[in-house]
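Please work through the following exercises with the sequence and the model side by side. Each task is followed by a solution that goes step by step.

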Amino acid sequence: MMLWGLLWMLFASGLQAAEEKCVLAEGETLTVNCPFNQKYASNKKAWQRLRDGEKPQTLVVTERSQGTLSQVQVGRYILRDDPVHLQVQMINLQVEDSGLYRCVVYYPPPKEPVLLFHPVCLVVTTGSLCSALPFLWPVGSS
């Protein structure tokens, strides 16, 4: 009975999270779809990394689109901007990619960007996903 209470607390705390959590292994690809309001359809959009105590690091920025598909790739980052959402891909993930990221409507500083989607907390592991998960049930329990 105590285990169910613990699992419920973990589930409920996940519902209230202000970010999306994604756990992937090295070499895999992260794909995030960031929907946006039509009023931002022709604005530049960006993928940014957030670090404590630092300004957001802009990793890649789209060109202004005129309601058509626009794609930009910078290194391992790919942005596809279409009339309804921004798709972000980070390919060939490495452990050092672990961190907090966000999709934004991009305005050059000093103007603040507009957040498009929940920030994404990325955790990149060196092994398979199963080896990265905590052990919850003892073998042979019912």
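**Exercise 1.** Find what share of the contacts in the chain between residues at least 6 apart in sequence join residues at least 24 apart.

Solution. Contact here means heavy atoms within 4.5 Å, and among the contacts in the chain between residues at least 6 apart in sequence, 57% join residues at least 24 apart. The model is a predicted one, in which local features need pLDDT of at least 70 and side-chain atom pairs count only at pLDDT 80 or more, while totals for chains, interfaces and linings use all residues. Residues are numbered from 1 along each chain as its sequence is written, and side-chain values use heavy atoms, with hydrogens and water left out.

**Exercise 2.** Describe the secondary structure of the chain and the order of its elements.

Solution. Helices (H or I, at least four residues) and strands (E, at least two) are DSSP runs, numbered from the N terminus. Counted in this way, the chain has two helices and 10 strands. Read from the N terminus, the order is α-β-β-β-β-β-β-β-β-β-β-α.

**Exercise 3.** Determine which cysteines form a disulfide, and where they lie in the chain.

Solution. A disulfide is taken as a pair of cysteine sulfur atoms within 2.5 Å, and the structure holds one. The pair is Cys34 and Cys103, whose sulfur atoms are 1.8 Å apart. This pair links distant parts of the chain, since Cys34 belongs to strand S2 (residues 30–35) and Cys103 to strand S8 (residues 99–105), 69 residues apart. Both Cys34 and Cys103 are buried, where buried means under 20% relative accessible area, exposed over 50%, and partly exposed in between (1.4 Å probe, protein chains only).

Next, consider Cys22, which is in no disulfide, the nearest cysteine sulfur being that of Cys121, 9.4 Å away. Because the closest cysteine sulfur to that of Cys121 is the one in Cys22, at 9.4 Å, the distance is too far for a bond. Cys22 counts as partly exposed at 22% relative accessibility, whereas Cys121, at 19%, counts as buried.

**Exercise 4.** Identify the residues with the most contacts inside the largest nonpolar core, and the strands that supply it.

Solution. A nonpolar core is a set of buried Ala, Val, Leu, Ile, Met, Phe, Trp, Tyr and Cys residues joined through side-chain atoms within 4.5 Å. The largest one has 25 residues, and those with the most contacts inside it are Leu30, Val32, Trp47, Leu86, Met90, Cys103 and Leu122. At least two residues of this core come from each of S2, strand S4 (57–61), strand S6 (77–81), strand S7 (85–90), S8 and strand S10 (120–125). Setting aside neighbours within four places in sequence, Cys103 is in contact with residues including Val32, Cys34, Trp47, Leu86 and Phe117.

**Exercise 5.** Establish how S6 is joined to S5 and to S7.

Solution. Two strands pair if DSSP finds at least two bridges between them. Strand S5 (residues 70–74) and S6 run antiparallel and are joined by five bridges, with Val74 opposite Tyr77 in S6. S5 and S6 form a hairpin with two residues between them, and Gly75 in the turn has a positive phi of about 60 degrees.

On to the other pairing: S6 and S7 also run antiparallel, with five bridges, and Arg80 has Gln87 in S7 as its bridge partner. Three residues make the link in the hairpin that joins S6 to S7. Finally, S6 is mostly covered, as four of its five residues are buried.
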